[in-house]
2 protein chains.
Amino acid sequence: MTKRTVSDRPLRTDAARNRTAIVAAAQRAFAEGGLQVPFDEIARLAGVGEATVHRRFPDRASLIAAAFCDKMTSYADAAAEALAEPDPWKGFCGYVRRVCAMQASDRGFADLLTITFAAANPAVEELELRRDAAFRDWITIVRKARATGRLRPDFHPDDLVVLLMANAGVVAATAGTAPDAWQRHVEYMLQAFAADNSQPLPAPPAREALVRALQRTQRT
Amino acid sequence: MTKRTVSDRPLRTDAARNRTAIVAAAQRAFAEGGLQVPFDEIARLAGVGEATVHRRFPDRASLIAAAFCDKMTSYADAAAEALAEPDPWKGFCGYVRRVCAMQASDRGFADLLTITFAAANPAVEELELRRDAAFRDWITIVRKARATGRLRPDFHPDDLVVLLMANAGVVAATAGTAPDAWQRHVEYMLQAFAADNSQPLPAPPAREALVRALQRTQRT
DNA sequence: CCGGAAGTGGAGTCCTTCCTTCACTTCAAG
DNA sequence: CTTGAAGTGAAGGAAGGACTCCACTTCCGG
């Protein structure tokens with residue numbers, strides 16, 4: 001009894017080819033224009049009808065999830081690699097630089113790191129799992145970097161989340177005209193994160209509040 | 001011969017009253033929802049027809065200029081006050097905090113500080129003049145703060161522009177859920193700007209490039 | 001208090017974007 | 001092959017937002 005549900009029946013070869021083209025087109029379009037790119041532009045880039053995009057990806061979140069699956073995996077891998085780095089402070093700085101560079105080179109990914117999706121389908125769930133895996137490694141990176149005494153003791157892992165929102169702002173404003181502006185900003189931040197001469201800071205926002213901030217429907 | 005052009009004839013009293021209501025409504029709406037708030041919502045808030053808004057403010061830039069004239073004046077005044085502060089480093093930090101606080105309390109103003117308008121009408125020109133005045137004072141604040149040795153010597157006045165873009169990103173992402181998150185980020189930045197233990201940085205973006213970044217038509 | 005200029009807003013156009021429908025085409029199992 | 005299930009896109013509906021038109025109302029100088 002090999003009864004198949006709709007979702008696990010394999011696509012016909014032509015449909016699979018189209019799906020691949022759509023994902024590739026979405027990756028290019030999102031990288032260039034952020035997560036708000038209209039569906040018809042993606043369809044045009046993929047060389048298919050708009051209806052085909054909607055058929056395969058019933059809502060924007062599904063398409064985003066499919067388009068950024070690979071990149072989110074790199075993101076998680078980068079965290080694992082940074083964690084493996086023998087010098088935790090180097091791992092810390094390297095990871096921050098690398099993630100911000102990923103934002104700078106892909107406006108969609110920059111946006112993606114400042115929102116989360118209420119998982120309504122498996123692809124979205126998969127994406128969020130990788131994000132979470134990366135964050136778990138990040139927490140360990142922070143702990144180890146703090147232990148070396150090079151990272152200031154009051155650094156909170158959530159400070160990265162806020163930095164990513166800030167970097168997204170810089171990238172959005174300077175993309176195309178001053179595409180390296182973010183680097184100086186990030187280096188300032190890294191120097192602020194170093195333990196040397198660190199001064200007291202306001203408390204970080206409550207975890208809860210930050211989670212809700214990430215869940216806002218979309219960037220307004 | 002008191003011939004009057006269209007632009008300098010005073011408005012009829014009812015029209016002037018409506019204009020005032022529109023500006024007030026726009027201030028509230030922009031503060032809440034950023035510069036993209038639809039015209040019909042502003043019209044509704046003002047209690048006038050949509051056509052009246054369009055008649056008085058032919059394009060969005062005119063309305064924005066009218067709505068933020070006062071706030072941009074405060075912005076320039078804050079720079080002048082910071083410049084008058086006897087301790088230049090205190091003036092520097094106070095100004096940065098104050099400006100970022102203005103962004104946090106008004107999403108429209110946060111957006112406004114990350115774009116400029118190609119002045120096409122007197123109100124817009126006026127707004128840009130005040131922005132420029134503030135920036136001229138800022139340059140002096142930076143010079144004096146550097147002279148005290150408390151501000152790192154490689155700080156560039158344009159670093160504030162990038163910080164405002166970053167802060168706009170934080171504010172946009174956290175408004176409503178973690179409305180104080182920006183403060184910690186700004187304190188990190190101020191500590192990075194302090195001369196103590198400062199490390200080399202990447203060069204700031206070219207002035208030209210930053211100016212063009214501010215001129216991008218709208219935040220995408 | 002009257003008449004014409006100034007001002008108004010409801011209703012409409014145009015445009016963009018999301019999303020669906022359906023007559024037609026393509027695939028692949030038998 | 002044949003055939004029917006899977007897949008397709010042109011066309012169009014619905015929704016929202018910018019902007020305009022014009023019959024009507026309000027103001028105010030004489």
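This tour moves from the pair of chains to their contact and then to one helix. The model is predicted, so local features need pLDDT of at least 70 and side-chain atom pairs count only at pLDDT 80 or more, whereas totals for chains, interfaces and linings use all residues. Residues are numbered from 1 along each chain as its sequence is written, and chains are lettered from A and ligands numbered from 1 in the order in which they are written.

**Both chains.** Select chains A and B. A turn of 180° with a shift of 0.0 Å along the axis lays chain B on chain A with an RMSD of 0.0 Å (least squares on the C-alpha atoms of residues with pLDDT of at least 70 in both). The two copies are thus related as by a two-fold rotation axis.

**The contact.** Next, select the residues in contact (C-beta atoms, placed from the backbone, within 7 Å): 40 residues from chain B and 39 residues from chain A. On chain B, helices (DSSP runs of H or I, at least four residues, numbered from the N terminus) H8 (158-174), H9 (181-193) and H10 (207-215) each supply at least two residues. The largest share, 10 residues, comes from H8(B). Because 98% of the interface residues of chain B are also interface residues in chain A, the copies meet through the same surface.

**Helix H10 of chain A.** Finally, select residues 207-215 of chain A. Leu210(A), Ala213(A) and Leu214(A) are buried (20 or more other C-beta atoms within 10 Å of the residue's own; exposed means 12 or fewer, with C-beta atoms placed from the backbone). These residues cover an arc of only 95° around the axis, which puts them on the same side of H10(A); the arc is that of the directions from the helix axis to the C-beta atoms. The face turned away from the buried side of H10(A) carries the exposed residues Glu208(A) and Gln215(A). Add H8 of chain A and H8 of chain B to the selection: both are among what covers the buried residues of H10(A).

Technical notes. Two residues are in contact if their C-beta atoms, placed from the backbone, lie within 7 Å.
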